[in-house]
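Reader: I would like a close look at one part of this model: the aromatic rings and what sits around them. Please take it step by step.

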Amino acid sequence: MTSLHIGLIREEKIPQDNRVAFTPQQCQWILSHYPTVQITVQPSPHRAFKDDEYRAAGIALAEDLSHCDILLGIKEVPVERLIPGKTYLFFSHTKKLQPQNREMLQTILDRKITLIDYECLVHPDGQRILGFGFFAGVVGAHNGLLEFGRRTGLFNFKRVHECHDFQELITHYFGVKLPPVKIVTTGSGRVTAGILEVMGLLGIKYIPPDEFLINEYAYPVYTQLKAGELYLRRSDKTYSREDFHNHPEQYDCKFLPYVTCSDILMNGIYWEQDIAPLFTWEDLAKENFRIQVIADITDDKGGSVPCNLGDGTIENPVYGVHRQERHKTEPYAPESVSMMCVGNLPNELPRDASQFFGDHLMKYVFDDLVNGGSEMIEKATIATQGNLTSRYAYMEEYAAGK
């Protein structure tokens, strides 16, 4: 059996990311179960798991990873750090032809690097294997509630990144009594699963959509709108998932009634171009628009939430948007809606997010990486030996800078 040397690279994209593909304990487990595998970790002052935690687990650390066969990261790798001829796994954010990552892809091709994109690793039914959506949902839901508490002065939460981990965060929920707030959540994927986790931990009661629309409650409640309840085909008022993704422009969005009866929107719905927004700027300007805080967790600028004017940061996650004049304001200005839009929410719970990610990587991907010849890995390989693979040939003009 041939040996395989894996390197865990330091995250160097700005803003700094502190997640990692494998925790010290996961590395330890791999080494004890795969005798042909070696692991070296590049030191990092920012990583959620300290260098000493890897040393204590018996994992080698080294600045130079040129002896490794496969390099695992999380976010995009700065071009000057890309080692020629290696195999890399990370979220490259290139498959939608993102302009900010064109130079990185060109460098990958020039240096004959093999790029396997985590985002493209899917189960046979097309479901993505790896992602941080659950913890984005947890942090986004917490932040949405926190901002509502600060806006209204009714309660206060600690910021997530001030907690050591998810377990510590949960201890802050003990004994918290929330006001009778009405929360509408959208979606049914991993992000929404994270939102619902927080709803459960805080004892916020689920109400079916039709009841939520017409009733007021003396305690905090939420409802969940899945895609089939949000979008209906214009011609016959039905919903088909496959048809919706193929022809989103033929579907109307049915969210509007909820803007008049909800205090907080937690948006976890998938969005792409041609999908109708949840509401319009004109709707936002009306007197009956009741929502005060929007946690846009899927975070598409100008997407399903038109008043998403771009990202906040983990330190300053919220800004206001003037409902009539459509510009940014102070977070809680009277004529504004408070917007919580942050692109790297899971980074607030990096230890838990890394553990969760590494577990899925070990369960569903690691054997294929070690043994080779995997169709799943092949389908997620964007570039190899200086060329785009046939599945990603549509990126040629983008990669050429045209």
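Author: Start with a charge and a ring. Lys182 lies over the face of Phe212, 4.6 Å from the ring centre. Another lysine does likewise: Lys328 sits over the face of Tyr319, at 4.3 Å from the ring centre. Keep in mind that this is a predicted model.

Now the rings themselves. The structure holds 25 aromatic pairs. One of them joins Tyr34 and Phe366. Their centres are 4.9 Å apart, and their planes meet at 80°. That makes the pair edge-to-face. Where do the two residues lie? Tyr34 is in the loop between helix H1 (24-33) and strand S2 (37-41), while Phe366 belongs to helix H12 (residues 366-371). The two are 332 residues apart in sequence, so the pair ties together distant parts of the chain. Tyr34 is buried, and Phe366 is buried as well. Both also belong to one aromatic cluster, together with Phe22 and Trp29.

A second pair has another geometry. The ring centres of Phe134 and Phe356 are 5.9 Å apart. Their planes lie at 25°, under the 30 degrees cut-off, so this pair counts as stacked. It too links distant parts of the chain. Phe134 is in helix H4 (residues 133-152) and Phe356 in helix H11 (residues 350-364), with their positions 222 residues apart in sequence. Buried or exposed? Phe134 has a relative accessible area of 16%, so it counts as buried. Phe356 is at 25%, so it counts as partly exposed. The dividing value here is 20%.

Stay with H4, the helix that carries Phe134. H4 has 20 residues. From first C-alpha to last it reaches 28 Å, close to the 28 Å expected at 1.5 Å a residue. H4 is mostly covered, with 18 of its 20 residues buried. Just after H4 comes Gly153, which takes a positive phi of about 75°.

One more residue deserves a look. Arg47 is found in the loop between S2 and helix H2 (51-56). Its relative accessibility is 2%, so Arg47 counts as buried. What lies by its side chain? A polar atom of the Arg47 side chain is 3.4 Å from the backbone oxygen of Ile9. Leaving aside neighbours within four places in sequence, Arg47 is in contact with several residues, among them Leu8, Ile9, Arg10 and Tyr54. Asn18, Val20, Val41 and Gln42 are also in contact with Arg47.

Notes. Residues are numbered from 1 along each chain as its sequence is written. This is a predicted model: local features need pLDDT of at least 70, side-chain atom pairs count only at pLDDT 80 or more; totals for chains, interfaces and linings use all residues. Side-chain values use heavy atoms; hydrogens and water are left out. Rings of Phe, Tyr and Trp (its six-membered ring) pair if their centres lie within 6.5 Å; planes under 30 degrees apart count as stacked, over 60 as edge-to-face and the rest as tilted. Helices (H or I, at least four residues) and strands (E, at least two) are DSSP runs, numbered from the N terminus. Buried means under 20% relative accessible area, exposed over 50%, partly exposed in between (1.4 Å probe, protein chains only). A charge sits over a ring if NZ of Lys or CZ of Arg is within 6 Å of the ring centre and within 35 degrees of the ring normal. A polar contact is a pair of N or O atoms within 3.5 Å; within protein, one must be able to donate a hydrogen and the other to accept it, and residues adjacent in sequence count only if both atoms are side-chain atoms. Contact means heavy atoms within 4.5 Å. The expected span of a helix is 1.5 Å times one less than its number of residues.
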